Amino acid sequence: MKPVQFDYYVPASVDEALDTLAELGYNGKVLAGGQSLIAAMNFRMARPAALVDLNNISELSYIKPAEDGGLAIGTMTRVYQVEHDAEVIKRFPLIPEVTHFIGHTQIRRRGTFGGAIAHADPSGQLPAIAMVMNAKCLIRGKGKERWVDAKDLIIGPFMTVIEYEEMLTEVVLPANPPRTGSSYQQVARQNGGYALAAVTSVVTLDDKDRCESVRMILMGVGEMPILSEKVSDLLVGQEANDELFKEIGEAVQPEIDPANDLNGTAEYRRDLIRVLVSRSLNTAFDRAKKGS
Amino acid sequence: MTKLFPVKVTVNGKVYERQVESRLLLSDFLRHDLGLMGTHVGCEHGMCGACTVIFDGEPVRSCLIFAVQANGHEIKTVESLGTPEHMHPLQEAFHEKHGLQCGFCTPGVLMTVVPFLEQNPNPTEDEIREAIDGNICRCTGYEKIVESVQEAAKKMSSGD
């Protein structure tokens, strides 16, 4: 349970970090909060030759208004800071609702918002939340930068489009249209544990309380979080309706592929999705009507 | 030759300067290099909470931080709380209410609860249970830990 030897760099600025990453190439790995990476290194599942530690780069820790009315979050902002930020709570209540379920208070005080997304753990909440919120991710390398939508950032379990010499520096949460409501619902065996199944949805209503647009992600029931396509077909143009929500819980079944393991059977996870889809949509509709 | 990195860190008010390997965990640094054995090491992957210490005022897992990352920072371990003769009110409460049996998880629980009670001096039972949900105890069933924290909150708010 001890990591193998590695070289260690602790740059004081983003430019210095990008220079170091460019020099190290395939040997370099970015260290953010380390709450997943260091655990994997302790198991020797991860054996990076060199770590580039971002913890001394204060310019990567911030929450500030973005140009389009959303919020820009620096990659090294601790999850705990995001969770308790007044602007985040006011504009994106989905964030504190979700972060509450991430690990434990000790993990959230060290773990970072950007690190959790770039780590792309398929069981992690924040990569899925970034997808459902249509977050924009700024990826920087030496002398270059590009914006990638969260849904295009993650290409597989623990895999992203971020290259070795690049790093995620900022995540922008775009402003929601008025009459948008969101919800995150999960079932886990214990507080802070991975969800057996989870559903998160963002619903925007028109002035007659009909669904104008919806995004829903199903988690824990496939290799990666699944962005449902069925939900839009069935829900857009419709009002809140318990029967319809049940129907959607049924209609998404072909989209998921849950596993059997010691925590629960595939069948049980399918049942959880039926229940959580209804709960999540119900709650999101209610919140959208209240304009939150 | 193994590369060493300098670390200058304040632990429980005392400044230490050492040379460490980059791969040395903060938990092992505290125990082996500084001889502060109060911090316990359980799972070494962030699940059990036994190694919780206070890092710049925040409770964190010392098994998920490298010692080299503590350079320039301030750490408090369970040794900062009290002595057998002069226990911290939180330790007194755990003593009186049987908040420990084998004692393995206790240092981590205490270092989680100290900053929690500073932020929330009059917590409800639910808040206490949530605060300690990152600390695994296999003896008490948590009942006595919750009672101890409630007792400590009482003692500390009345200034005993």
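These notebook entries record what I looked up in a predicted model with chains A and B.

**Ground rules.** I note that this is a predicted model in which local features need pLDDT of at least 70 and side-chain atom pairs count only at pLDDT 80 or more, while totals for chains, interfaces and linings use all residues. Residues are numbered from 1 along each chain as its sequence is written, and chains are lettered from A and ligands numbered from 1 in the order in which they are written.

**Entry 1, the open sheet of chain A.** I began with the strands, taking helices (H or I, at least four residues) and strands (E, at least two) as DSSP runs numbered from the N terminus, and counting two strands as paired if DSSP finds at least two bridges between them. In chain A, five strands form an open sheet with antiparallel pairing, in the order S4-S5-S10-S6-S7. Strand S4 (63–65) and strand S7 (144–149) of chain A each have a single partner strand and stand at the edges, so one side of each is left without a neighbour in the sheet. From one strand to the next, the twist averages 25°. I then looked at one edge pairing, where strand S6 (residues 136–141) of chain A runs antiparallel to S7(A) and is joined to it by six bridges; within this pairing, A:Lys136 has A:Asp149 of S7(A) as its bridge partner.

**Entry 2, parallel pairings in chain A.** I turned next to strand S3 (residues 50–53) of chain A, which pairs with S1(A) in the parallel sense over three bridges, with A:Asp7 opposite A:Ala50. Strand S2 (residues 28–31) of chain A also runs parallel to S3(A), and four bridges join the two; here I found A:Val30 opposite A:Val52.

**Entry 3, where chain A meets chain B.** For contacts I used the rule that two residues touch if their C-beta atoms, placed from the backbone, lie within 7 Å. On that rule, chain A brings 24 residues to the contact and chain B brings 25 residues. Strand S1 (7–9), helix H2 (37–42) and helix H6 (105–110) of chain A are the elements that give two or more residues to the side touching chain B, and H6(A) gives the most, with five residues. For classes, Ala, Val, Leu, Ile, Met, Phe, Trp, Tyr, Cys and Pro count as nonpolar, Asp, Glu, Lys and Arg as charged, and the others, Gly among them, as polar; the chain A side divides into nine nonpolar, ten polar and five charged residues.

**Entry 4, the two domains of chain B.** Chain B is divided into domain 1 (5–80) and domain 2 (89–157), with bounds that come from an automatic or database domain assignment. I find their C-alpha centres 22 Å apart, and the contact takes 14 residues from domain 1 and twelve residues from domain 2 of chain B. Strand S3 (52–55) and strand S4 (58–61) of chain B each supply at least two residues of the domain 1 side, of which S3(B) provides the largest share, three residues. By class, that side has seven nonpolar, six polar and one charged residues.

**Entry 5, a helix pair in chain B.** Lastly I looked at helix H2 (residues 89–96) and helix H5 (residues 143–157) of chain B, whose axes come within 8 Å and cross at roughly 135°. The residues in contact include B:Leu90 and B:Phe94 of H2(B), and B:Ala152 and B:Met156 of H5(B). By class, the contact of H2(B) with H5(B) has six nonpolar, one polar and four charged residues.

Technical notes:
Axes are lines fitted to C-alpha atoms, for helices over the stretch in contact, and angles run from 0 to 180 degrees between N-to-C directions.
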